[in-house]
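Work through the exercises below with the sequence and the 3D view at hand. Each task is followed by a solution in steps.

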Amino acid sequence: MQAPAPKRAVRAAFDKAADSYDAVAAVQRAACDRLLQLAVRNGHQPSRILDAGCGTGYALAGLHRQFPAAELLALDFAPAMLRRHPPGLALPLCADLEHLPLAEASVDAIWSSYALQWCAPGRAFPELARGLRPGGQLWIATLGPGTLHELRDAFRQVDDAEHVLPFQPPEAIADAVEAAGLTVLASERATLQAWAPDLRQLLADIKTLGAHQTGAARRKPLGKSAWARLQAAYEQHRSPAGLPASYDTFWLIAEKRP
């Protein structure tokens, strides 16, 4: 099935980002590390795990370490991301997590970190629930509306265009999970931050992560005056560590009801 135009743009961005992604993905790794702690603490012992939206495969080593007997499946819709994986660690699947190439009730756990924000909750969660066996668990980290709020606020000094993805609030995510036939077992929310010495580097890092697609129409480059206003607005967020990029992170553990 052909992806909608915005999805095609997102896929192309992540394909382009694959080779450089890990160099700037400290926040993404931190979100994965915390999700693994929550999953292990929960005590579930799956025999088959799907990493849905696996990116360059950072989570796979931790999943293998904690669940050495489990079969690992690694799904991403960007082929270049899958090519970054260590060989033999997981079965690669190139597909959209809204359309899993899996039989119904065929996995014991689905892991998804920083991928579901690119999906419609009403489509993604029923599909994830379909793939889970009864009693299987969903382990997710996703992004809330406070993500990149500094960038959103700064761009308001420039124009009225949408420069940041409209992230779902945690309440909407939890509601979509429950509506899909899952019971929330645990959740957590915190803000993780990346830092850059200046705005140009911060925007370059976001682009390197492939996370610059918003679904809005392509815009012309900013002129000198608009760029100056953007820089001045963002400088208000500066701290001794540099300019921050905030990631409003929501972790959730849920179980499929019988």
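**Exercise 1.** What should the 17 residues of helix α2 (residues 26-42) span, and how far apart are its end C-alpha atoms?

*Solution.* This is a predicted model, in which local features need pLDDT of at least 70, side-chain atom pairs count only at pLDDT 80 or more, and totals for chains, interfaces and linings use all residues. Residues are numbered from 1 along each chain as its sequence is written, and side-chain values use heavy atoms, leaving out hydrogens and water. Helices (H or I, at least four residues) and strands (E, at least two) are DSSP runs, numbered from the N terminus. The expected span is 1.5 Å times one less than the number of residues. For α2 that gives 24 Å, and the end C-alpha atoms are 25 Å apart, which agrees. After α2 comes G43, with a positive phi near 85°.

**Exercise 2.** Find which strands pair with β5.

*Solution.* Strands pair if DSSP finds at least two bridges between them. β4 and β5 run parallel, joined by six bridges; I110 has L138 as its partner in β5. β5 and β7 run antiparallel, with seven bridges; W139 has I253 as its partner in β7.

**Exercise 3.** Why is C54 not bonded to C94?

*Solution.* A disulfide is a pair of cysteine sulfur atoms within 2.5 Å. The sulfur of C54 lies 9.3 Å from that of C94, its closest cysteine sulfur, which is too far for a bond. The count of disulfides is zero.
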